[in-house]
Amino acid sequence: MSTSQIAFLKGHGTENDFVIVPDPDNDLDLPAPVVARLCDRRAGIGGDGLLHVVRSAAHPEAQAMAAEAEWFMDYRNADGSIAEMCGNGVRVFAHHLQRAGLVEQGDLAVATRGGVKRVHIAKDGGITVSMGQRLLPEEHVTVTVDGRSWPARNVNMGNPHAVAFVDDLAHAGSLYSAPEYTPAAVYPDGVNIEFVVARGPRHVAMRVHERGSGETRSCGTGACAVAVAAARRDGADPALTGSPVTYTVDLPGGTLVITEHPDGAIDMTGPAVIVAEGFIDPAWLETVIG
């Protein structure tokens, strides 16, 4: 990794916060220890993850998507591990691109490891992400915290989720460490686990443990998975009714609105904010690399 001055920004979507590193030509090497230190809230900048902003044509994992999406969201978890997708991250990513003058208000496409995501930036600042098709794997899963166990709905949003409905969100425990789940073979690469309570008609609240990050204030793909699971629980499956269904999902960091269409496509709408920008100190970075 170059130890010359490296620009960064800090942003969040419903308090799911990110370190943003613009690197259009993919010149930077970002090994896991460096990402983890940047995301450290005491020894670094702090964030639930890192958004590496790269032109698709410049990144080997995104070159096949370059004709469809100019920009690639190379997303990393807070521990430095690579992740397929992050719904809140896509909104913050798109907001950064617009703020930097790299895209216009309206429609754009963003390449991710979970495929190309369609984004709409509205005049009021709200950002809607077409999250793609939800998948409902058939495997049954059980989630356990502090001796309590619940059946969990297996939902895939380009990344894996296990959604458990509980009587009280406090039953999820601290969520600093990953809750137990069985059978482990269902999620060989780990899983994001959501705990959900009802708030009213088409209205739920949730907490989440994100793999590689612990409990976060918000999780976009998790909110989508929760809305999908809630629709099945409420007998409002759009694939059966033929009509879209919309859920309001409250998270510790704010509110997202999720719509599932009869063909299985999911839209997510919510805010995105950039709060700071600056430069990473090269001397500090040398100590991390060394």
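**Exercise 1. Place proline 183 and describe the peptide bond before it.**

Solution. Proline 183 sits in the loop between strand 11 (180–182) and strand 12 (192–200). Strands here are DSSP runs of E with at least two residues, and helices are runs of H or I with at least four, numbered from the N terminus. Next, take the bond itself. From threonine 182 to proline 183 the peptide bond is cis, with omega near -5 degrees.

The model is predicted: local features need pLDDT of at least 70, side-chain atom pairs count only at pLDDT 80 or more, and totals for chains, interfaces and linings use all residues. Residues are numbered from 1 along each chain as its sequence is written, and side-chain values use heavy atoms, with hydrogens and water left out.

**Exercise 2. Threonine 14 and aspartate 146 have positive phi. Decide for each: buried or exposed?**

Solution. Start with threonine 14. Its phi is about 50 degrees, although threonine 14 is not a glycine. It lies in the loop between strand 1 (6–13) and strand 2. Its relative accessibility is 3%, so threonine 14 counts as buried. The cut-offs are under 20% relative accessible area for buried, over 50% for exposed, and partly exposed in between (1.4 Å probe, protein chains only).

Now aspartate 146. Its phi is near 50 degrees, and it too is a residue other than glycine. The loop between strand 8 (141–145) and strand 9 (148–156) holds it. With a relative accessible area of 69%, aspartate 146 is exposed.

**Exercise 3. Find the buried residues of helix 1 and say what they pack against.**

Solution. Helix 1 covers residues 32–39, and Val34, Val35, Leu38 and Cys39 are buried there. Look down the helix axis. The buried residues fall within an arc of 130 degrees, so they line one face of helix 1. That arc is taken from the directions from the helix axis to the C-beta atoms. Their packing partners are strand 2 (16–22), strand 3 (49–55), strand 4 (71–77), strand 18 (273–280) and helix 5 (282–289).

**Exercise 4. Describe helix 3 and its part in the largest nonpolar core.**

Solution. Measure the span in the model. Helix 3 (residues 220–233) has 14 residues and reaches 20 Å from first C-alpha to last, close to the 20 Å expected at 1.5 Å a residue. The expected span is 1.5 Å times one less than the number of residues. Then check burial. In helix 3, 13 of the 14 residues are buried, so the rest of the structure largely encloses it. Glycine 235 follows helix 3, with a positive phi near 70 degrees.

Finally, the core. The largest nonpolar core has 52 residues, and Met73, Val119 and Ile258 have the most contacts inside it. Helix 3 gives the most to this core, with nine residues. Such a core joins buried Ala, Val, Leu, Ile, Met, Phe, Trp, Tyr and Cys residues through side-chain atoms within 4.5 Å. A second, separate core has 18 residues, including Val186, Tyr187, Val197 and Ala205.

**Exercise 5. Trace the contacts of isoleucine 258 and aspartate 267.**

Solution. Contact means heavy atoms within 4.5 Å. Leave out residues up to four places away in sequence. Isoleucine 258 then touches, among others, Ala223, Cys224, Ala227 and Asp267. Aspartate 267 is in strand 17 (residues 265–270). Among its contacts, by that sequence rule, are Thr128, Ser130, Ile258 and His261. Its C-alpha atom and that of valine 257 are separated by 8.2 Å, ten residues apart along the chain.
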